[in-house]
Amino acid sequence: MTLKIKQVKTTNPDLLSLIQELNNFFDEEWGKEVAQRYQNHHNLAEMSYAVVAYDDGKAVGCGCWKLLDKQTPEIKRMYVKQTYRGNGTAEKIIQALERDMLEKGYQQAVLETGKEMVGAIRFYERHGYRIVSNYGEFVEDDLCICMKKTL
């Protein structure tokens, strides 16, 4: 495996294809009606930074971040194809996102994920994220949890 992480525009076809796979996963996991409730949180045009992970030229994962407020970047659209999970791809994606945040002067990062996505929660905990009270539109949302990390 020859993994490369590449910064891309939010209109990049590989990014868009991976995001469609992620959206399909959410549709299957929670149903289209529930998944649609969260779409306004994932508007690619609002993303400040996006990356795609490539293995020998094949797009296998992605991640983005956007500003939640003036001092807090929020990780969004983290996704790795099923066959590439557990091999360090997601770790390299999140490291690239955090490195960019640090270079831009941010001291913390937050994210939101599904409460039942135990694998994702464990991944984020291994990378220093801790569960915090739900923020913004996620307050009182029983389907998700929010996490935070000091960079």
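Modeller: Before we start, a cut-off we will need: a residue is called buried when its relative accessible area is under 20%, exposed when that area is over 50%, and partly exposed in between. Keep in mind that this is a predicted model.

Biologist: Happy to. How many salt bridges does the structure hold?

Modeller: There are five. Let's walk through some of them, beginning with Glu21 and Lys81, whose side chains meet with an N to O distance of 2.6 Å. Glu21 sits in helix 1 (residues 13–30), while Lys81 lies in the loop between strand 4 (72–80) and helix 3 (89–103), so the bridge links parts of the chain that are 60 residues apart.

Biologist: Is Lys81 buried or exposed?

Modeller: Lys81 has 17% relative accessibility, and because that is under 20%, Lys81 counts as buried. Its partner Glu21, at 25%, is partly exposed.

Biologist: Which residue forms a salt bridge with Glu46?

Modeller: That is Lys66, with the closest N and O atoms 3.2 Å apart. This pair also links distant parts of the chain, 20 residues apart: Glu46 is in the loop between helix 2 (32–37) and strand 2 (49–55), and Lys66 is in strand 3 (residues 58–69). Here Lys66 is buried at 10%, whereas Glu46 is partly exposed at 41%.

Biologist: And what does Asp100 form with Lys104?

Modeller: A salt bridge, whose closest N and O atoms are 2.6 Å apart. In this pair the acid is the buried partner: Asp100 has a relative accessible area of 6%, while Lys104 is partly exposed at 46%.

Conventions. Residues are numbered from 1 along each chain as its sequence is written. This is a predicted model: local features need pLDDT of at least 70, side-chain atom pairs count only at pLDDT 80 or more; totals for chains, interfaces and linings use all residues. Side-chain values use heavy atoms; hydrogens and water are left out. A salt bridge is a side-chain nitrogen of Lys or Arg within 4 Å of a carboxyl oxygen of Asp or Glu. Helices (H or I, at least four residues) and strands (E, at least two) are DSSP runs, numbered from the N terminus. Buried means under 20% relative accessible area, exposed over 50%, partly exposed in between (1.4 Å probe, protein chains only).
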